[in-house]
Amino acid sequence: MKLATLKAGGRDGTLVVVSRDLTRCRPVPEIARTLQAALDDWETTAPKLDAAFRALEADPAGGQPFDPRACASPLPRAYQWADGSAYVNHVELVRKARGAEMPSSFWTDPLMYQGGSDTFLAPTDPIPAVTEDWGIDFEGEVAVVTGDVPLAATPEQARAAIRLLLLVNDVSLRNLIPAELNKGFGFFQSKPSSAFAPVAVTPDELGEAWDGSRVHLPLLSELNGKPFGKPNAGIDMTFDFPTLVAHAAKTRPLGAGCIVGSGTVSNKLDGGPGKPVDQGGVGYSCIAEIRMIETIETGKPATPFMRFGDRIRLEMLDAQGRSVFGAIDQVVARHQPAQG
């Protein structure tokens with residue numbers, strides 16, 4: 001089934017089931033007012049939500065028009081947002097870009113940071129920034145939403161706890177990262193609010209593209225209307241989702257509604273870094289990677305980070321060319337300070 005959250009209805013919005021073709025939806029307050037409420041009682045609510053979804057699918061005239069612009073993030077705020085770096089190729093390239101060596105342990109022990117989860121951006125809302133000097137970048141990722149996960153969960157227990165999948169733009173401020181990491185205490189200011197595609201899907205909606213651990217579909221990105229990347233999320237994923245969820249639960253239980261991200265989707269090419277789309281490669285899911293390739297080839301980066309007015313679109317299509325999650329479609333905008 002497919003689920004979304006309309007902005008109307010308070011801070012946590014209104015839960016709706018969405019037709020498979022993303023054209024219609026229906027609020028389901030009789031089942032759960034919000035997605036978090038549904039996740040809190042998933043064993044009871046999931047069968048009822050699935051029945052409502054199937055009824056909507058069976059009635060071509062049912063429901064109301066689905067407008068992604070009316071959507072918040074599927075979870076407008078979450079109790080936990082933990083983002084991994086499952087594509088170690090990306091980690092290696094980005095660390096090289098800032099002159100940092102990569103320990104060999106990064107290939108066996110996942111990186112993960114705890115992001116801000118109280119103010120997710122809606123899928124078509126602007127990306128606010130105070131200045132272009134901060135190095136504004138997008139990061140295309142896939143994420144899972146879990147039910148309750150016990151402390152010290154095994155990967156098998158983690159797999160069983162995966163409830164939904166999401167598409168993510170994990171916004172990064174690249175020029176703030178080195179100074180923060182040099183303090184030895186991790187990301188904070190360099191990781192502003194992330195955005196999620198409008199629709200969350202249950203794993204069965206992906207069919208053969210979901211193997212229980214990875215999503216085997218290309219993640220498409222367009223920067224200012226031009227193809228930027230199409231790497232396959234199922235390729236070169238060193239750490240799969242059950243491994244990432246179990247890693248997050250090593251020393252603490254995870255509550256229902258926890259979001260665990262894959263990190264930037266990144267594919268190698270013939271064992272080395274990838275190529276841009278216009279050169280026959282699959283491109284990239286962030287600007288930092290192409291800047292690193294440019295540095296390797298010419299000694300300096302040529303592609304600028306995002307500027308005010310730049311537009312990023314992220315989407316994932318199934319084997320039939322249908323949008324799975326809907327699109328993240330955002331413009332970078334200058335932040336306007338609150339008055340008063």
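Here are a few exercises, with worked solutions, on the structure above, which is a predicted model.

**Exercise 1. Work out how the overall size fits the number of residues.**

Start with the chain: the protein has 340 residues, and a compact globule of that length would have a radius of gyration near 20 Å. Now look up the value for this model, which is 19 Å, so the two agree. For a feel of the dimensions, the C-alpha atoms fill a box of roughly 60 × 50 × 45 Å along the principal axes. Next, check burial: 54% of the 340 residues count as buried. Finally, take the contacts between residues at least 6 apart in sequence; 72% of them join residues at least 24 apart. As for secondary structure, you should find 7 helices and 18 strands.

**Exercise 2. Classify the ring pair of tryptophan 81 and phenylalanine 120, and say where its two partners sit.**

A pair of aromatic rings is described by the distance of the centres and the angle of the planes. The whole structure holds 7 aromatic pairs. For tryptophan 81 and phenylalanine 120, the centres are 6.5 Å apart and the planes make 85°. Planes over 60 degrees apart count as edge-to-face, so that's the label for tryptophan 81 and phenylalanine 120.

Now place them. Tryptophan 81 belongs to strand 5 (residues 81-84), while phenylalanine 120 is in the loop between strand 6 (112-114) and strand 7 (127-129). They are 39 residues apart, and the pair links distant parts of the chain.

Last step, burial, where the cut-off is under 20% relative accessible area. Tryptophan 81 has 1%, so it is buried. Phenylalanine 120 has 9%, so it counts as buried too. Trp81 and Phe120 also join Phe196 in one aromatic cluster.

**Exercise 3. Do the same for tryptophan 210 and phenylalanine 241.**

Here the centres are 6.4 Å apart, with 40° between the planes, and the pair is tilted. Tryptophan 210 is in the loop between strand 13 (199-201) and strand 14 (220-223), and phenylalanine 241 is in helix 6 (residues 241-248). With their positions 31 residues apart, this pair also links distant parts of the chain. Both tryptophan 210 and phenylalanine 241 are buried.

**Exercise 4. Find charged side chains that sit over rings.**

Try lysine 191 to begin with: its charged end sits over the ring of phenylalanine 187, 5.2 Å from the centre. Then go to arginine 291, which lies over the face of phenylalanine 305 at 4.1 Å from the ring centre.

**Exercise 5. Trace the open sheet that runs in the order 7-18-17-14-15.**

Count the strands and you get 5, with mixed pairing. Go to the ends of the order: strand 7 and strand 15 (226-229) are the edge strands, each pairing on one side only. Neighbouring strands are turned by 25° against each other on average, direction ignored. Zoom in on strand 14 and strand 17 (residues 311-315), which pair in the antiparallel sense over 4 bridges. One bridge to look for joins leucine 223 to isoleucine 312 in strand 17.

**Exercise 6. Locate two residues that have a positive phi although they are not glycines.**

Alanine 152 has a phi of about 60°, and its place is the loop between strand 9 (140-146) and helix 4 (155-160). Aspartate 236 has a phi of about 65° and lies in the loop between strand 15 and helix 6. Aspartate 236 has a relative accessible area of 33%, so it is partly exposed.

Definitions and conventions: Residues are numbered from 1 along each chain as its sequence is written. This is a predicted model: local features need pLDDT of at least 70, side-chain atom pairs count only at pLDDT 80 or more; totals for chains, interfaces and linings use all residues. Side-chain values use heavy atoms; hydrogens and water are left out. Rings of Phe, Tyr and Trp (its six-membered ring) pair if their centres lie within 6.5 Å; planes under 30 degrees apart count as stacked, over 60 as edge-to-face and the rest as tilted. Helices (H or I, at least four residues) and strands (E, at least two) are DSSP runs, numbered from the N terminus. Buried means under 20% relative accessible area, exposed over 50%, partly exposed in between (1.4 Å probe, protein chains only). A charge sits over a ring if NZ of Lys or CZ of Arg is within 6 Å of the ring centre and within 35 degrees of the ring normal. Two strands pair if DSSP finds at least two bridges between them. Axes are lines fitted to C-alpha atoms, for helices over the stretch in contact, and angles run from 0 to 180 degrees between N-to-C directions. The radius of gyration is taken over C-alpha atoms; the globule rule is 2.2 Å times the number of residues to the power 0.38. Contact means heavy atoms within 4.5 Å.
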